[in-house]
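Reader: I am new to protein structures, and I would like to learn how to read one feature at a time. Could you take me through this one slowly?

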Amino acid sequence: MCGNLGIAGNGIVKQDLWAIKELATVLAPVRGMDGFGVYEGTAEKDGIKDAKLYKSKFDAFMAINMAAHEKTPVFEDIHSNLYISHVRWATIGEVTEENAH
């Protein structure tokens, strides 16, 4: 049982990213605490540009806080027009960075 969150469009504002971050931390205890990931990119007519992936074997709350401490903040600044987030229960596979997505 996992959970997905996302937002896309050219009108994304900082409050949208805050809402996704808060939802991920609230959703994690219910839908998955064995991994967290964020995919960020800029969707254009000819494909996705400037794609970035952040993933962690920790739950969303801990992963977001650790990322801020590591100077790789998640959901802090608007760099893209596409954000997809995933929280994971380890029903198949171990709790590792490799299996986080």
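Reader: Which residue is the bridge partner of valine 38 in β3?

Author: In this predicted model, the residue of β3 that is paired by a bridge with valine 38 is tyrosine 54. That pair belongs to a longer contact between two strands, since β2 and β3 run antiparallel and are joined by 8 bridges. If you follow the chain from β2 into β3, you pass through a hairpin, in which 2 residues make the connection.

Reader: How many bridges join β2 to β4, and which residue of β4 is the partner of tyrosine 39?

Author: There are 6 bridges between β2 and β4, and these strands run antiparallel. Tyrosine 39 has isoleucine 84 as its bridge partner in β4, while glutamate 40 stands opposite tyrosine 83 of β4. When you look at residues that follow one another like this, keep a general idea in mind: along a regular strand, side chains point alternately to one face of the sheet and to the other.

Reader: In what order do the strands lie in the sheet?

Author: The order is β1-β4-β2-β3, an open sheet of 4 strands with antiparallel pairing. Because β1 and β3 (47-56) each have a single partner strand, they stand at the edges, and one side of each is left without a neighbour in the sheet. From one strand to the next, the twist averages 10°. Helix α1 packs on this sheet, where it touches β1, β2 and β4, and its direction makes about 170° with that of β1.

Reader: How should I read the helix α1 itself, and where does its kink lie?

Author: It helps to begin with length and then to look for bends. Helix α1 covers residues 14-31, which is 18 residues, and it reaches 25 Å from its first C-alpha to its last, close to the 26 Å expected at 1.5 Å a residue. The kink, of about 25°, is found at threonine 25, shortly before proline 29.

Reader: Which residues of α1 are buried, and what do they pack against?

Author: The buried residues of α1 are Leu17, Ile20, Lys21, Ala24, Thr25 and Ala28, and they pack against β1 (3-8), β2 (36-44), α2 (60-69) and β4 (82-87). Take alanine 24 as an example from helix α1: its relative accessible area is 0%, so it counts as buried, the limit being under 20%. Setting aside neighbours within four places in sequence, alanine 24 is in contact with Leu5, Phe36, Ala60, Ser85 and Val87. Distance along the chain is a separate matter from distance in space, as alanine 24 and arginine 88 show, being 64 residues apart in sequence and 11 Å apart from C-alpha to C-alpha.

Reader: Which residues have the most contacts inside the largest nonpolar core?

Author: They are Phe36, Tyr54, Ala60, Val74 and Phe75, in a core of 17 residues. At least two residues of this core come from each of α1, β2, α2 and β4. For valine 74, leaving out residues up to four places away in sequence, the residues touched are Lys21, Phe36, Val38, Tyr54, Ile64 and Ala67.

Reader: Is aspartate 50 buried or exposed?

Author: Aspartate 50 is exposed, because its relative accessibility of 60% lies over 50%. Aspartate 50 sits in strand β3, and its phi is near 50°, a positive value in a residue other than glycine.

Reader: Where is glutamate 94 found, and which residues does glutamate 94 touch?

Author: Glutamate 94 is found in the segment after β4, and it is exposed, with a relative accessible area of 59%. Not counting residues up to four places away in sequence, glutamate 94 touches Arg88 and Asn99. Glutamate 22 lies 72 residues from glutamate 94 in sequence and 26 Å from it in space, C-alpha to C-alpha.

Notes: Residues numbered from 1 in each chain as written. Predicted model: local features only at pLDDT ≥ 70, side-chain atom pairs only at ≥ 80, totals over all residues. Heavy atoms only, no water. Expected span 1.5 Å × (residues − 1). Bend = angle between axes of the 7 residues up to and from the residue. Buried < 20%, exposed > 50% of the residue type's maximum accessible area, 1.4 Å probe, protein only. Contact = heavy atoms within 4.5 Å. Pairing = 2+ DSSP bridges. Axes fitted to C-alpha atoms, helices over the stretch in contact; angles between N-to-C directions. Core = buried A, V, L, I, M, F, W, Y, C linked by side-chain atoms within 4.5 Å.
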